[in-house]
Structure formats: structure tokens, C-alpha cells
Amino acid sequence: MNDLERLFNPSAIAVVGASKDPSKIGSQILRNLLSYGFKGKVYPINPTADELMGLKCYPKVSDVPDKVDVAVISVPSDKVLGVIDDCGKAGVKFAVVITSGFKEVGNEELEEELVRRAHSYGMRVLGPNIFGYLYAPARLNATFGPKDVLSGNVAFISQSGALGIALMGYTVVENIGISSIVSVGNKADLDDVDLLYFFDKDPNTGVIMIYLEGIAPGRGRMFIDVASRVSLRKPIIVIKAGRTEVGARAAASHTGSIAGSVAIYESAFKQSGILMAKSVEDAFDWTKALSWNPIPEGERLIVLTNGGGAGVQSTDTFADNGIYLSKPPESLIQEIKKFVPPFASFANPIDITGMAPDDWYYMGTLAALKNPDVDALTVLYCQTAVTTPMGVAKGIVDAIKEAGNSKPVTVGMVGGPEVAEAVSFLNKQRIAAYPTPERASSAMSALYAYARARSYVMKSLAVR
């Protein structure tokens with residue numbers, strides 16, 4: 001029952017509720033499937049149409065002459081059970097129920113019957129109350145969200161529909177490549193546990209991010225067990241919604257989820273090696289750093305900056321996360337002394353001063369990355385008249401390439417529109433860059449937090 005291979009790599013998909021009206025969700029899902037480039041067969045299901053978007057329509061899934069693996073269902077809630085029966089008779093393996101109007105509005109009996117009937121046919125249910133799902137390796141976009149996202153190694157599971165759709169677009173802005181986006185909604189059947197099993201084995205996924213309102217009843221222990229094993233190989237970042245009493249009430253009315261005590265979740269996440277983010281911004285910042293960087297092999301972290309204030313903010317952020325900067329290795333100090341003025345600071349952060357030109361960033365970054373006594377590097381830049389932000393960014397890129405880097409790097413750049421362009425340039429090169437020193441330092445802290453979490457879980461599993 002946990003094999004989701006045919007959900008993510010189907011040979012054929014039926015869209016039940018496909019419509020001529022472009023404003024209808026069924027129409028948007030059909031359009032996304034076709035425009036994203038799905039290589040399998042797509043069958044629109046509409047009893048009143050002969051053809052949609054150049055494809056022959058069928059009145060019911062059972063009328064389709066081929067075997068259908070997945071049925072994406074977007075019809076009114078009172079018609080869903082009939083569709084499930086028809087899909088079951090046709091041998092469909094997965095029902096992706098977009099439709100709302102179930103547990104989240106108090107209609108629990110209908111939701112329970114939906115799952116009961118699906119299971120009687122050996123069918124699994126994703127949803128209901130979702131925006132669909134995307135799997136980039138199969139060029140499968142069965143959502144009514146953005147029609148295109150960047151391919152990459154991040155799997156995103158969202159219990160929120162509208163937020164999940166918005167975050168699909170945000171991944172493009174942040175240059176984060178996606179392996180999969182799955183909307184789980186009410187989690188009547190398939191849930192985070194099932195998806196973690198799949199993404200653990202999925203060679204296309206390296207990092208997993210979850211927007212979570214609540215774990216399905218009775219699945220808490222299983223969630224901890226599977227997450228513990230997955231987190232040994234792949235970072236899991238959770239945005240835990242409903243952390244407050246009022247937030248928990250909002251979650252209950254949103255997806256019918258029982259959010260539970262935040263202390264219980266924090267304990268469960270610690271046991272599982274999960275990194276808990278309190279904001280969308282933190283989650284995406286951490287995901288970017290974890291997706292593009294190796295895990296640091298030691299505690300010897302260097303901060304390189306041209307601004308003392310930025311360095312102080314970075315130091316405070318690291319301290320807030322239990323990371324305390326130690327004195328740089330003498331060999332690195334001597335290397336950097338060759339090109340900086342005598343009033344530069346060689347504490348950690350290393351302050352190469354506000355008079356630093358572009359090439360000092362290249363030389364400083366290269367020296368740090370090539371030094372065997374440095375395990376990780378955070379580079380900070382404050383825009384000055386003696387530098388060009390893009391020149392600094394290109395110098396950092398060149399240094400990383402020349403070092404043949406196997407060490408994690410994050411970059412924080414502060415300034416105007418030219419700095420924003422430089423940050424975007426770095427992100428397109430898969431170098432984790434941010435518009436503030438605090439975010440760059442928080443992202444580096446996430447790499448260390450994952451290393452520590454993984455070590456904690458490894459020791460815990462050895463004791464069991």
C-alpha cells in the first residue's frame with residue numbers, strides 16, 4: 001500500500017471534470033499537464049464534450065480504452081463518490097481528489113466513505129481539498145498552480161492549497177529547483193508518512209520541505225520512525241503551522257487538522273532529526289543552503305566581510321543558533337594579510353575593510369576555501385563606491401570554482417538594486433545568497449543544525 005511509483009510515474013492520467021471554460025480548475029489542470037510536457041497519455045473526462053485541447057473526451061473513466069493509473073478529480077463533492085466507483089471499476093490505482101467540501105467543513109462522513117470506497121477497489125486517495133501535485137522528472141504538472149517550475153532536487157509537501165500554489169511561484173523567484181510538489185490537504189488517506197517513504201528512495205530528491213498543520217491521527221509514531229530514517233540521508237525542513245492556540249484553531253477550520261501541542265511537535269521533530277522553521281522565509285532560506293551545499297565536516301567556520309556592522313549581526317545570529325566563531329587559522333591570516341591594509345581585523349569575522357575592491361573578495365574567498373583548517377565560509381558584502389556588486393559576486397563564483405569547492409558557502413549582500421541583481425546571479429549559479437547578513441548566517445546555521453540533528457538521530461537509533 002506504500003508503493004507510490006504509479007502515482008509519480010503514471011503511464012496515463014484522466015482529468016475528471018475537464019472543461020471548455022478556461023476559468024474552471026479542471027481546464028487549468030488539463031492545460032498544465034499538456035504544457036509542462038507530460039509524456040504519458042492524458043484523457044479528458046467530460047460527458048458533454050467531444051474534444052478538449054485537441055484531445056478526445058470520454059464520458060467516464062471506464063469508457064477510456066486504455067489502462068488509467070491516476071484520475072485527477074475536480075467535480076462537485078456530491079459527485080465524487082460516483083466517480084470513485086467508476087474509477088475503481090476501471091482499475092485506477094490513485095484518485096487525486098481536488099474537490100473541497102469534506103472534513104474541513106464538517107463533512108467527515110463523506111470523506112470517510114470516499115476512502116472506504118477507494119480502498120475497496122485497491123485505490124489510494126490523495127486529498128481531498130488540494131491543488132494537485134507535480135513531479136518534475138516525469139514532466140507531470142497536475143496542479144492548477146503555475147504551469148512551470150525549475151527542476152531540481154527539492155520535494156515540497158504542503159497541507160495548504162493557496163499557500164502551496166503561491167510557494168510554487170516563490171521557488172522560481174528564489175531559483176530553487178523542484179523535484180516534486182504535493183498538495184495533501186485533508187490527508188484522508190495518503191499523508192506525509194507515505195510521501196516520506198517515496199521521497200526517501202527517490203533518486204531525484206535530496207531535500208524535503210513540508211508545510212504541516214497536523215499529523216494524521218494515529219500516525220505520530222510512524223511519522224517519527226520514518227522521518228528518523230529519512231533524515232539520516234536527506235534533510236527534512238518543516239514549517240509548523242498552528243504553533244499558537246489561535247493558529248491551531250485556524251488550522252482546524254482550514255484543513256480539519258488537529259494541530260496539537262507545539263511542545264509535542266518540537267519533541268517529535270528533535271527525535272526525527274527534522275529542522276523546524278517558524279517562517280516561510282526561514283524554510284526557503286535553509287532549503288536553498290541545504291540543497292546547494294555539502295554538509296560541513298567540522299566546526300571551523302569563517303566569516304569574511306567588508307563591514308564591521310554586518311559582521312556583528314552575523315556573529316549574533318550564529319550565537320543565537322549555538323555556533324561560536326573561533327579564531328581563524330594563522331595560515332589564513334597570513335595569506336589575507338598579503339593584500340589588505342594593516343588596519344584590517346583578523347578576528348572572526350575577518351574584516352577586509354570598507355576600502356576592499358572587487359578582487360579582494362575573490363582572493364579572500366579563495367584563500368579561505370583552499371585552507372585545510374577551514375570547514376565552511378560565510379561571505380558578507382556591504383555595497384560601497386569602490387566596488388561593483390556584480391564584480392564581487394563574480395569574484396566569489398570564480399573563487400569557488402577554482403577551489404574545486406567541497407565546503408559549504410553562504411553569501412549575504414546588502415545594498416540597492418545592483419546588489420539584488422548580484423544576489424540573483426549567485427543563486428542562479430547555485431550559490432546560496434541572501435539580501436542580509438542575518439539570513440546568510442541563519443542559512444549556514446541550518447547546515448550545522450542538520451549535521452547535529454543527523455548525529456543525534458544516529459546515536460538514538462543505535463541505542464534502540
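The points below go through selected helices, strands and single residues of this predicted model.

1. The annotated region. The UniProt record, an unreviewed entry, places the feature "domain: CoA-binding" at residues 7–102. In the model, that stretch of chain is 28% helix and 23% strand. Its end C-alpha atoms lie 22 Å apart.

2. N46. This residue sits in the loop between β2 (41–45) and β3 (51–52). Its relative accessible area is 12%, and N46 is therefore buried, the cut-off being under 20%. Apart from neighbours within four places in sequence, N46 is in contact with A18, S19, L52, C57, Y58 and P59.

3. Helix α3. The buried residues here are V80, L81, V83, I84, D85, D86, C87 and G88. The list includes two aspartates, D85 and D86. Elements that cover the buried residues of α3 include β1 (12–16), β5 (70–73), β6 and α4. After the helix comes G91, with a positive phi near 85°.

4. Helix α4, length and faces. Residues 108–120 form this helix of 13 residues. From first C-alpha to last it reaches 18 Å, close to the 18 Å expected at 1.5 Å a residue. L110, E111, L114, V115 and A118 are buried in α4. These residues cover an arc of only 135° around the axis, which puts them on the same side of the helix. E109, E112 and S120, on the other side of α4, are exposed.

5. Helix α4, surroundings. Its buried residues are covered by elements that include α3 (77–89), β6 (94–97) and β7 (124–126). The cover is listed in both directions for this helix pair: α3 is among the elements over the buried residues of α4, and α4 is among those over the buried residues of α3. Just after α4, G122 takes a positive phi of about 75°.

6. The β8–β9 hairpin. Strand β8 (residues 132–135) pairs with β9 in the antiparallel sense, over four bridges. One of the bridge partnerships is that of L134 with N141 in β9. The two strands form a hairpin with four residues between them, and R139 in the turn has a positive phi of about 50°. In β9 (residues 140–143), L140 and A142 point one way while N141 and T143 point the other way; all are buried. N141, the partner of L134, is thus listed with the buried residues of the strand.

7. Helix α5. Its 13 residues (161–173) should span 18 Å at 1.5 Å a residue, and the end C-alpha atoms are 19 Å apart, which agrees. G161, G164, I165, L167, M168 and T171 are the buried residues. They cover an arc of only 165° around the axis, so they lie on the same side of α5. The face turned away from that buried side carries the exposed residues A162 and V173.

8. Strand β17 and its partners. Six of the seven residues of β17 (residues 376–382) are buried, so this strand is largely enclosed by the rest of the structure. Four bridges join β17 to strand β15 (residues 301–305), and the two run parallel. L301 stands opposite A376 in this pair. Six bridges join β17 to strand β18 (residues 409–414), again in the parallel sense. Here L377 stands opposite V409. Between β17 and β18 the chain crosses through helix α14 (residues 389–403), and this β-α-β crossover is right-handed.

9. Y448. This tyrosine belongs to helix α16 (residues 437–463). At 2% relative accessibility, Y448 counts as buried. Outside its neighbours within four places in sequence, Y448 is in contact with P296, G298, E299, R300, L301, I323, D375 and A376. The list thus includes L301 and A376, which stand opposite each other in the β15–β17 pair. Y448 and A376 are 72 residues apart in sequence and 9.8 Å apart in space, C-alpha to C-alpha.

10. G415. This glycine lies in the loop between β18 and α15 (417–428). With a relative accessible area of 51%, G415 is exposed; the cut-off for that class is over 50%. G415 and S35 are 380 residues apart in sequence and 38 Å apart in space, C-alpha to C-alpha.

How values were computed: Residues are numbered from 1 along each chain as its sequence is written. This is a predicted model: local features need pLDDT of at least 70, side-chain atom pairs count only at pLDDT 80 or more; totals for chains, interfaces and linings use all residues. Side-chain values use heavy atoms; hydrogens and water are left out. The expected span of a helix is 1.5 Å times one less than its number of residues. Buried means under 20% relative accessible area, exposed over 50%, partly exposed in between (1.4 Å probe, protein chains only). The arc is that of the directions from the helix axis to the C-beta atoms. Contact means heavy atoms within 4.5 Å. Two strands pair if DSSP finds at least two bridges between them. A crossover is right-handed if, with the strands pointing away from the viewer, the path from the first strand over the helix to the second runs clockwise. UniProt positions are given in the numbering used here, feature names are shortened, and annotations may be inferred rather than shown by experiment.
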